[in-house]
Amino acid sequence: MWDWAVLKMKVWEPHGQSVADCRPYLPGSFDHPPRNIALKMNSNYKAKEWQGYLYGLAPALLYGILPRKYWQNFCKLVRAVHIIHQRTIPLSQLLVAQQCLDEFHLEYEILYVQRCVDQLHFVRPCIHALLHLGLEVPRLSPPTIYLTWTIEHTIGIMGQELKQPSNPYHTLSQRAVQRAQLNALFAMVPSLSPDNQNSNVPSMELGDGYALLRARDRGPRQLEGVIGGLVSRYILNEERKLGNNPAPNWHVTITHWACLRLPNGQIAHSLWKEERKAIDELRHARCVKLHLDGTDEFAEVQFYFPVRIAVKTQILAVVQLFSCPDAILYKESQCTVYSVMELNDTDGLRLVDAKSILSVIAVIPHAYHVRPDKTDKRFFIWE
């Protein structure tokens with residue numbers, strides 16, 4: 001009995017719409033967002049869309065749709081792929097990934113093939129190849145370095161550089177040699193790389209690959225409310241540590257900045273700028289992963305601002321933290337579904353160093369509740 005065949009029309013069409021509804025919450029750095037899979041699956045659904053759907057959205061969106069044993073089996077594959085796709089993989093994580101792949105493959109044969117010869121065609125070569133994925137990392141390096149994505153991207157770049165139709169293969173080989181020489185030069189002298197050259201976008205360079213990018217306020221503005229109190233307390237504490245006592249009528253004024261460029265090339269936006277646009281005009285990029293108090297946290301950036309304390313200028317960000325994930329769902333999903341809530345101002349509002357921000361993430365509304373009678377607003381995180 002094929003009890004796994006649940007993605008039929010009454011389920012498939014709403015599921016496809018839920019995939020399309022995720023689009024505004026996926027940062028532009030996440031490349032092509034998956035479209036409505038129910039409508040577009042057979043009309044040039046791109047490989048990048050399949051990748052985003054299967055390994056980013058599906059673990060959360062298929063919860064409650066797929067029967068539990070099939071969903072958990074799928075989550076093992078997703079966790080393994082998340083680990084394998086890293087550029088550097090610790091041995092402890094690599095062992096976890098290979099274990100997940102082994103268990104996924106064995107359960108796949110039991111759940112889908114059911115050890116029946118007439119269903120053996122379900123085990124496609126790509127399913128069997130998963131067994132070798134983790135084992136080959138020590139010999140060949142992480143697969144992201146040599147798989148089709150990298151090769152096709154390189155071929156596309158060099159193909160665009162061809163200007164003359166005569167003798168294309170000789171020209172292509174020469175372009176490849178030149179590209180390799182340039183890459184070696186940029187590796188030895190990083191400052192020569194075009195990626196490290198100053199752009200025409202007005203910015204404030206912070207060092208270590210960070211930079212504030214406009215939009216920004218034309219002049220300082222006074223802060224009020226909860227955020228104003230948070231910033232004021234921080235500045236007063238820092239000034240008093242240095243022996244300075246601000247005047248009695250002192251009040252905090254800052255200049256808002258909208259964006260922060262990160263060392264990995266991503267641009268983290270902020271609520272201060274994005275809240276002015278309609279949801280269908282956005283690709284949210286204001287949610288970030290940051291290092292805070294010795295641990296990694298997820299948060300929504302309210303805005304960035306420079307502040308001068310004594311003779312030193314600090315670049316700070318006001319962020320709203322998200323909660324810890326739902327522990328039961330996180331464990332059952334093999335650590336692939338990170339379902340959180342946004343903390344209130346008392347528990348979640350923090351002032352952090354802009355350089356503590358590590359990457360931009362996707363935080364997507366999640367129709368999941370710990371109890372059926374509870375209507376808490378939840379989100380799931382995709383890094």
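This passage walks through the predicted model of one protein chain, from its overall make-up to a few individual residues.

The model is predicted, so local features are taken only at pLDDT of at least 70 and side-chain atom pairs only at pLDDT 80 or more, while totals for chains, interfaces and linings use all residues. Residues are numbered from 1 along each chain as its sequence is written, and side-chain values rest on heavy atoms, with hydrogens and water left out.

In broad strokes, the chain carries 13 helices and 14 strands; both are DSSP runs numbered from the N terminus, with at least four residues for a helix (H or I) and at least two for a strand (E). The C-alpha trace spans about 85 × 70 × 40 Å along its principal axes. Of the 383 residues, 39% are buried, where buried stands for under 20% relative accessible area, exposed for over 50%, and partly exposed for anything in between (1.4 Å probe, protein chains only). Among contacts (heavy atoms within 4.5 Å) with a separation of 6 or more, 60% come from residues 24 or more positions apart.

The surface adds up to about 22,300 Å² exposed, with carbon and sulfur atoms supplying 55% of that area. Those areas come from the Shrake-Rupley method with a 1.4 Å probe, and for residues only the protein chains shown count as cover. As for charge, there are 41 positive and 37 negative side chains, and the centres of the two sets sit 4 Å apart. Here Lys and Arg count as positive and Asp and Glu as negative, with His and the chain ends not counted; each charge is placed at NZ of Lys, CZ of Arg, CG of Asp or CD of Glu.

Turning to the sheets, one open sheet is built from 3 strands in the order E10-E14-E13, with antiparallel pairing; two strands pair if DSSP finds at least two bridges between them. Its edges are strand E10 (338-340) and strand E13 (362-366), each of which pairs on one side only. On average, neighbouring strands in this sheet are turned by 35° against each other, direction ignored. Helix H3 (residues 47-61) packs on the sheet and touches E13 and E14, its direction making about 155° with that of E14. For these angles, axes are lines fitted to C-alpha atoms (for helices, over the stretch in contact), and values run from 0 to 180 degrees between N-to-C directions. E10 is joined to strand E14 (residues 378-382) by 3 bridges, the two running antiparallel, and Ser339 stands opposite Phe380 in E14.

Further back in the sequence comes a run of hairpins. Strand E7 (residues 287-292) pairs with strand E8 (residues 295-309) in the antiparallel sense over 6 bridges, with Leu292 opposite Thr295 in E8. This hairpin leaves 2 residues between the strands, and Asp293 takes a positive phi near 55°. E8 goes on to pair with strand E9 (residues 312-321), again antiparallel, through 10 bridges. Ile309 stands opposite Lys312 in E9. The hairpin of E8 and E9 also has 2 residues between its strands, and Ala310 in the turn shows a positive phi of about 60°.

E1 and E2 make another antiparallel pair, held over 4 bridges, in which Met204 has Leu212 in E2 as its bridge partner. The loop between strand E1 (203-207) and E2 contains Asp208, whose phi is near 60°, a positive value in a residue other than glycine. Asp208 is exposed, at a relative accessible area of 63%. On from there, E2 and strand E5 (residues 257-261) pair in the antiparallel sense over 4 bridges, and the partner of Arg216 in E5 is Trp257. There is also a cis peptide bond here, between Arg214 and Ala215, with omega about 25°; Ala215 belongs to strand E2 (residues 210-216).

Two more residues deserve a mention. Asn44, in the loop between helix H2 (37-40) and H3, has a positive phi of about 60° although it is not a glycine. Asn44 is exposed, with a relative accessible area of 69%. His105, by contrast, is buried at a relative accessible area of 8% and lies in helix H5 (residues 91-113). Leaving aside residues up to four places away in sequence, His105 touches Val123, Ile127, His128 and Leu131.
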